[in-house]
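Here is a walk through one chain, section by section. Have the viewer open and follow along.

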Amino acid sequence: MRAPFLPLLLMLALPLVVEAAPFPATASPTQVVLGRDRAVVVQVKVPRGTPPLRAVASTGNLMPLPATARGVFSYRWIPPDIRYPLLAVLAFWVDAAEGPPEVTTVRIPLLGRTELDVATDVGAGAQVVVQVADMRFGPVTTNRKGRAQVPVEVPPGVREAIVLATAKGQQTRRTTPLDVPPERPLVAVLSPDVFPVDGTGWLTLLAEELVPRAEVTLEVQGGSVEEQGPGVFRVKPETGARAVVVDAHLKDGTGAARVMAPVAAPIVAHVPPPVTPVAAPPPAPSAPGVDWSRYLSWHYLSLHLMAGGFFAGGDNRGPLLSAGLGYRLPPLGGRLALEVEGGLRHVASQPRLGAEGPVLDSRVVGLPLLGSLRVLAFERGPLSFHGRAGAGVLYYDQRVTSTSFDEPLIQQGSTFMGFVAAQAAWRLGPVSALLELRGSYASARAQQIDAQLGGLSASLGVRYVL
């Protein structure tokens, strides 16, 4: 009776094969247990003469690998740093001469591991088995209080588990909910890679399947969209637009995606006056390398503005303002950003000159100019956490006034400033609300000043992605 199950077991042991049009793709392993499996290798076969293959993932990092065979593109996909179950969607396509591209999708379930606390009514020594979807975990023996912890693996889309407890020949069965975030994948594909000036392009939205307009909210900059079918939209660039940017949000709030495509610059013909032809030397061969021109786009820029206060002990406290410009590094999936920032810090104190001397009014204004690196550490839906570290120079100006002298005492200078910070962001379309906690060091010490303009600070602000 075991023979009919042998072909099924052999099929489950093979890598996932996706025969969706237009290209067959394989992924190994077929699913990922988060915290255990580190990477998935994906191979896509294309016919000879096919235009360059393009690829994108709804989550994680998708990186091309060196070619091992003609007509086979290989990729290494690294899962995101999360612990809750999620479905990852990988999309592969080529730009079509006419019409929307046909997209090959690879769906990879991400299984979350957890220990499920189980309380039973059958007492100590019961054998507990937990069923999650079609998988069973256990048995685990309950303790004196009738409780047990059962390690389970939860696939995406499962919201409850079945607990089976057996003791003294009797079995109980109950259902327990699983605390799983309601997050869904969303992939946005723009084709072609560069939009023609007076032509149109295509937008394809994919979740578990194609996403119709009724289930998604679209924010389009530099163009307009018109639905042509479920999940397929015709995109028309606006006159004079340099790029088309699409922000897509599932209306139930479970997923979002952002995609951008530049618009080709119009060609202006310039006919030079006739000249006598001169033989030119043959052009030097161009050096191989990465075409960085596609990354030199203002859509990788962001602006931020923050305000708050700092405390560095004693009278060294006061308000602060900062404004900066950031650039996301495209080769790393936008997880790293370089930023430059200018700011303003103000300290006011009223020390006494001697035990019985007059009261002085001392005010210090600091103007920091800093460079920093921002790292995306965690992202879940609209919420993300970042780490920042930077350094630069702080220019300060101190003015001391008193009734004991006519002219104010002025002292100016500069000092080193360095900082590390933790930043939380809540994305609201192209604008994100920011909360930043920062520790910094900037000691201003001279003949008439001994102030600390660093210390601990807290700021609220906004970031706008261009």
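## Pairing, and a first example

Two strands count as paired if DSSP finds at least two bridges between them. By that yardstick β18 and strand β19 (residues 232–237) qualify, since 6 bridges join them and they run antiparallel. For one rung to look at, find E226, which stands opposite R234 in β19.

Keep in mind throughout that this is a predicted model.

## The chain overall, and how far to trust it

The chain has 466 residues, and 40% of them count as buried. Its secondary structure is 1 helix and 31 strands. Take the contacts between residues at least 6 apart in sequence: 57% of these join residues at least 24 apart.

On confidence, the average pLDDT for the chain is 82, and 83% of the residues score at least 70. Where is confidence lowest, and where is it highest? The low end is helix α1 (residues 5–13), with a mean of 36, and the high end is strand β8 (residues 86–93), at 93. Residues 1–20 stay under a pLDDT of 50, and the model gives them 20 contacts beyond four places in sequence. Residues 286–295 are also below 50, with 8 contacts beyond near neighbours in sequence. Where pLDDT is low, the predicted coordinates should not be read in detail.

## Two nonpolar cores

The largest nonpolar core holds 23 residues. Which of them touch the most other members? That would be V42, V44, W77, L90, F92, I108 and L110. Strands β2 (25–28), β4 (40–45), β7 (72–78), β8 and β9 (104–119) each put in at least two residues. The biggest contributor is β8, with 4 residues. That's the strand where confidence in the chain is highest.

L110 is a handy place to zoom in. Setting aside neighbours within four places in sequence, L110 is in contact with V32, L34, W77, P80, I82, P85, L86, A88, V154 and P156. Apart from this core lies another one, of 20 residues, with A188, L190, L205 and V216 among them.

## Two open sheets

Back to β18 and β19: they belong to an open sheet of 4 strands in the order β15-β16-β19-β18, paired antiparallel. The edges are β15 (187–191) and β18 (223–229); each has a single partner strand, so one side of each has no neighbour in the sheet. From one strand to the next, the twist averages 25°.

A second open sheet has 3 strands, ordered β17-β20-β21, again with antiparallel pairing. Here the edge strands are β17 (216–221) and β21 (256–262), each with a single partner, so each has one side left without a neighbour in the sheet. Neighbouring strands in this sheet are turned by 15° against each other on average, direction ignored. Strand β20 (residues 243–250) pairs with β21 over 7 bridges, in the antiparallel sense. Within that pairing, the bridge partner of D247 is R258 in β21.

## Strands β26 to β28, and a buried arginine

Further along the chain, strand β26 (residues 383–402) pairs antiparallel with strand β27 (residues 405–428) over 19 bridges. F385 has A424 in β27 as its bridge partner. β27 also pairs with β28, antiparallel again, over 11 bridges, and there G418 stands opposite Y441 in β28.

R438 sits in strand β28 (residues 431–441). Is R438 buried or exposed? R438 has a relative accessible area of 8%, so it is buried, as the cut-off is under 20%. What does its side chain make polar contacts with? One contact, at 3.2 Å, goes to the side chain of E341, and another, of 2.8 Å, joins R438 to the side chain of E436. Not counting residues up to four places away in sequence, R438 touches M306, E341, R345, L370, R388, F419, V420, A421, G455, L456 and S457. So E341 is both a polar partner of R438 and on that list of touching residues.

## One more spot: E160

E160 is in strand β13 (residues 160–167). Leaving out neighbours within four places in sequence, E160 is in contact with T175, T176, P177 and L178. E160 and V180 are 20 residues apart in sequence, and their C-alpha atoms are 9.2 Å apart in space.

How values were computed: Residues numbered from 1 in each chain as written. Predicted model: local features only at pLDDT ≥ 70, side-chain atom pairs only at ≥ 80, totals over all residues. Heavy atoms only, no water. Axes fitted to C-alpha atoms, helices over the stretch in contact; angles between N-to-C directions. pLDDT = per-residue confidence, 0-100. Contact = heavy atoms within 4.5 Å. Core = buried A, V, L, I, M, F, W, Y, C linked by side-chain atoms within 4.5 Å. Buried < 20%, exposed > 50% of the residue type's maximum accessible area, 1.4 Å probe, protein only. Polar contact = N/O pair within 3.5 Å; in protein donor to acceptor, adjacent residues only side chain to side chain.
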